[in-house]
Amino acid sequence: MKRRRRGEVPEPGCLRAWAAESEALAGRWRAARCWGPGGAAAARQQRGAFGELLLRMRGLPAALTTLPLELTVLYNSLLFAMGASDCAINGEAEEIRQGLLRVLEACGASGQDLSTEELWQKVLQEVTVEELQAPLHRLGALQGAWWLATNRLGSITSLFRLLSNAEDPGRAPCSGGKNELLSLLKAWRVPAEGDSVSLVQSAKDLKEILCTAAAFLQGLQELEAGNLPAALSLLQEAAGGFCSKRVLAQIYTCLSCCTRQMGKPQTALQHLKRALQVDFQCLPALSHAAAVYHELGETDAELQALAVLYEALERNPPAAASTTPYCLIQTEHLVHTPALASLFRHRHPSEVKYLLAQRCLQDGRVADAVEHYLDFLALLQDGLQQQVPLDGGSALPRIPEVFLEAASALEQAGRHQDAITVCEEVVSRTADLIPQTLRVEEGPEQLECPSPGTELAGGPLSQKRESLCCLVWRTAAYLHQGWAWAKLGKKKEAITQFSRCLEDLLRVQLYRSGVEPTGSLLPEVKLLQEIRLLSLIGRGTQFLELGRHREALLDFQHGLQISPGDPAAASYLVQALWKLNRKQEAATRWQKLSESPAEEDGQQEGLGRRYPLYLVSCLKQAAFPHNESLAGNIQDYLRTTTS
């Protein structure tokens, strides 16, 4: 074969051969659209074939006669490249740039030193060849898709302003504003394609996808920024656009999040139902529905949504979404934002199982809670910690807290021995993680260990706060064990566990340095003080039942020092004083308590709000039971002394 020289325009026969090869490749792809799993492999083959054809065409200097076909081959090649990747890559942008430089080369101009935006401006201003208008607009659509995928909304807006002016210089420019991009995309007139053009995806389809993706992306950005009316309008626009069922379900889910934040939970539920009707595999919609039902207080519906979600995840765990080969570039290829990843984070089945357990426990469905917690603990045997990222988006709390919640559920179900066993697991696993002494200075970041021997490795503050967390969990486990032994009628064993809890709490040494120390304590230290109060009340009640009234009195007094005015500690103190025959003191304190019942209820409710879920049952057990006999005896005593 005779070698062609640089600068030589290809012969008409060669151009016809290239055109025929391009048409054959496009036809092969059109035949492969309906293929199943083989579609992805066919796409890779076609991409390579178009790429090889493009390299052969670029082996000669750019010429106006070959550029329409060359840009068409470039367009098809990039469609396969961008459609095969989950996100835009720099190589695709460089290919577009090289195509534009070839156009300028054919016109006798240069643009090597220009930015991509400047290059587009120069090409659209200088090229007036009619045959190049449609190929350039197609390439512009691809450039816009790449910029949209990389969130360069300003660049794509400028590009389509240029494309609109190049296509119709006399047209009035679109008005500015946040929706200018969408207006430009809608107003863009796709040049008519010739009958001989071999495209694997038309520019008209790409325009519709760009409009939908732009509305969706901007709607997500407005939602993330809290501009809810603008987000609602853009997402509604996207819902009426050109997209797959998978993306439409995502749009409806985002609409539900928007209307939910606007205070319209029922409308949010309607959007979620549409999402599931469109794509029943849109499992995040079920998760969002459960959250809306939770806000509405519809516990049955919430638990049903979580149960369906769990079954769906168990039956068909979410896999990477497969894209239909009908359109190589789809809306999902162009919309990439942290907001989307956050809203559509797929939950692990264990997270949903935990939510079921938690909500049942919160709602008092103890038997169901026990079943779910035990299922969850069984999942730990299968390496749950390696499967679920414990990040900020996870529904799971720290694993020791789950153990403690399970123990709380078991206690409420009357399975006290099982609760003791579960708590023992927490005690044993935290034994080596707590220093002998923790010095805490009153301030949010003032935590220190007294000696290097007791300090954990790593960053001092985070490691020592972790030590505090471990101390919270272990003392809470002792607290649960104390109440469990008490329910079993083992008073001495109960006192032992309450005492172990109180002894562990002595590891924390508090140093006051501020004027108002209480408000600046670390949250973990405040929680430890609450656990101390509950342990003192628990041990004091057991002392009372054993007839050790003086020891009980001391515990209740110490409890009131920690939390002055606590109704449970104050009531038990009255009972201890009465049993010690200190009737006048008991009657005086009882009168003060009975004078403000509403305040006592408020204190009790407030006390419950500052407790984690795993300690709520301990709070209930520490509450002073209604004692008609004691109240009657005190009233008789008061009538006697005042008569």
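Helices, here and in every legend below, are DSSP runs of H or I with at least four residues, numbered from the N terminus.

**Figure 1. The loop that follows helix α6, centred on N151 in a predicted model.** The structure shown is a predicted model, and N151 sits in its loop between α6 and α7, the latter covering residues 153-167. Most residues other than glycine have a negative phi. N151, which is not a glycine, nevertheless has a positive phi of about 60°. The relative accessible area of N151 is 33%, and this residue is therefore classed as partly exposed, the class that lies between the limits of 20% and 50%.

**Figure 2. A second loop asparagine, N581, between helices α26 and α27.** The loop that holds N581 is flanked by α26 (567-579) and α27 (583-595). Phi of N581 is again positive, near 65°, in a residue other than glycine. With a relative accessible area of 55%, N581 counts as exposed, because that class begins over 50%.

**Figure 3. The surroundings of Q133 in helix α6.** Helix α6 spans residues 130-149 and includes Q133. Q133 has a relative accessible area of 16% and is therefore buried, since the limit for that class is under 20%. When its neighbours within four places in sequence are left aside, the residues in contact with Q133 are V127, T128 and P191.

**Figure 4. Strand β1 and its pairing with strand β3.** Strand β1, which is made up of residues 438-441, has side chains that alternate between two faces: L438 and V440 point to one face and are buried, whereas R439 and E441 point to the other and are not buried. Strand β3 (residues 508-511) runs parallel to β1, and the two are joined by 4 bridges. Within this pairing, L438 has V508 of β3 as its bridge partner.

**Figure 5. The crossing of helices α20 and α29.** The axes of α20 (residues 399-412) and α29 (residues 613-622) come within 7 Å of each other and cross at roughly 35°, and the crossing in which α20 passes α29 is left-handed. On the α20 side the residues that take part are E401, L404, E405, S408, E411 and Q412, and they meet L613, Y614, S617 and Q621 of α29. Sorted by class, this contact comprises 3 nonpolar, 4 polar and 3 charged residues.

**Figure 6. A230 in helix α10, viewed together with Q218.** A230 belongs to helix α10, which covers residues 228-239. A relative accessible area of 30% makes A230 partly exposed. Q218 and A230 are separated by 12 residues in sequence, and their C-alpha atoms lie 9.0 Å apart in space.

**Figure 7. The span annotated as a TPR repeat, with the whole chain for context.** In an unreviewed entry, UniProt places the feature "repeat: TPR" at residues 533-566. In the predicted model this span is 79% helix and 0% strand, and the C-alpha atoms at its two ends are 9 Å apart. The protein chain as a whole has 30 helices and 3 strands, and 51% of its 643 residues count as buried. Among the contacts in the protein chain that link residues at least 6 apart in sequence, 67% join residues at least 24 apart.

Technical notes: Residues numbered from 1 in each chain as written. Predicted model: local features only at pLDDT ≥ 70, side-chain atom pairs only at ≥ 80, totals over all residues. Heavy atoms only, no water. Buried < 20%, exposed > 50% of the residue type's maximum accessible area, 1.4 Å probe, protein only. Contact = heavy atoms within 4.5 Å. UniProt positions renumbered as here; feature names shortened; annotations may be inferred. Pairing = 2+ DSSP bridges. Axes fitted to C-alpha atoms, helices over the stretch in contact; angles between N-to-C directions. Left-handed = near helix turned anticlockwise from the far one by under 90°. Nonpolar A, V, L, I, M, F, W, Y, C, P; charged D, E, K, R; others polar.
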